Amino acid sequence: MNIFSELKIGDKLSIEFCKKDANQAENNMLNAQLIDINDNCLCISSPIYRGKRYSLYEGQKITMFFYRKKGVYQFDATVVKKIESNIVTFVLKLLGDVQKIQRRNYYRLPIVTDAILKKHENDKILEFECVTKDLSGGGVKVACKNEVEKSDDITIDIYLDEDQVITMDGEVIRITKDSDNNLYEIGIKFKETNETGTDRIFSFIFEKQRLMRKKGLI
């Protein structure tokens, strides 16, 4: 893969430090935006995590991740210099080749978190509280007290964490009732109309997988 033709200005990139660094935000992955590509280098914005901006230093080695429909890709880079103007940018030089590390559509992350399912009915929008059971880049499975119909078009707000809510449009593709708790288990397939939202889900799932690997859970 030619990284310089694959990446586009404005692409979101995730950053992991190669070594533990006091600058790192609680071992979490930071996000940055690709600002420019020139002279075989990448220029990115200041890394950010939960609204706080972080700095990089010259010579620092980092691992970058980006997401495509075919999978998640990673490459190592070193910080060449920091440019301070109206917008602080960092110039990166690639180290080695780009590697594909997973087929993102196939992994379903078991996760229990709050969600609001919205069903359009005539001129009304009915809102049902529910809880997710698993999540992937292609859809979500939830448990809900309320029944919907297969093929219903719905909108769902998913609370990924305390300050990150994502809204996706989807279609109900499966519904079964659990006789033990009287909850409906609803499978929802996301519509491919919200690429930003899909990228946020992939980034969220990848980060959770990374932390689980570090703990030896997967």
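These legends walk through a few views of a predicted model, starting with the whole chain and moving on to two close-ups.

Residues are numbered from 1 along each chain as its sequence is written. Because the model is predicted, local features need pLDDT of at least 70 and side-chain atom pairs count only at pLDDT 80 or more, while totals for chains, interfaces and linings use all residues; side-chain values use heavy atoms, with hydrogens and water left out.

**View 1. The whole chain, with two helices and 15 strands.** Helices (H or I, at least four residues) and strands (E, at least two) are DSSP runs, numbered from the N terminus. Along the principal axes, the C-alpha atoms fill a box of roughly 60 × 40 × 30 Å. Of the 218 residues, 44% are buried, where buried means under 20% relative accessible area (1.4 Å probe, protein chains only). Look at the contacts with a separation of 6 or more, a contact being heavy atoms within 4.5 Å: 54% of them join residues 24 or more positions apart.

**View 2. Asp 11, in a loop between a helix and a strand.** The loop in question runs between α1 (3–6) and β1 (12–17). Asp 11 counts as buried because its relative accessibility is 16%. A polar atom of the Asp 11 side chain sits 2.9 Å from the backbone nitrogen of Lys 8. Leaving aside residues up to four places away in sequence, Asp 11 touches Glu 6, Ala 32, Gln 33, Leu 34 and Arg 68.

**View 3. Phe 66, Tyr 73 and Phe 75, gathered in one aromatic cluster.** A pair of aromatic rings is described by the distance of the centres and the angle of the planes. Here, rings of Phe, Tyr and Trp (its six-membered ring) pair if their centres lie within 6.5 Å; planes under 30 degrees apart count as stacked, over 60 as edge-to-face and the rest as tilted. That rule gives two aromatic pairs. In one of them, Phe 66 and Tyr 73 are stacked, at 5.4 Å centre to centre with 15° between the planes. Phe 66 also pairs with Phe 75: the centres are 6.3 Å apart and the planes are at 55°, so this pair is tilted.

**View 4. The same three rings, seen for how covered they are.** Phe 66 counts as buried because its relative accessibility is 1%. Phe 75 is buried too, with a relative accessible area of 2%. Tyr 73 has a relative accessible area of 9%, so Tyr 73 is buried as well.

Methods:
Buried < 20%, exposed > 50% of the residue type's maximum accessible area, 1.4 Å probe, protein only. Polar contact = N/O pair within 3.5 Å; in protein donor to acceptor, adjacent residues only side chain to side chain.
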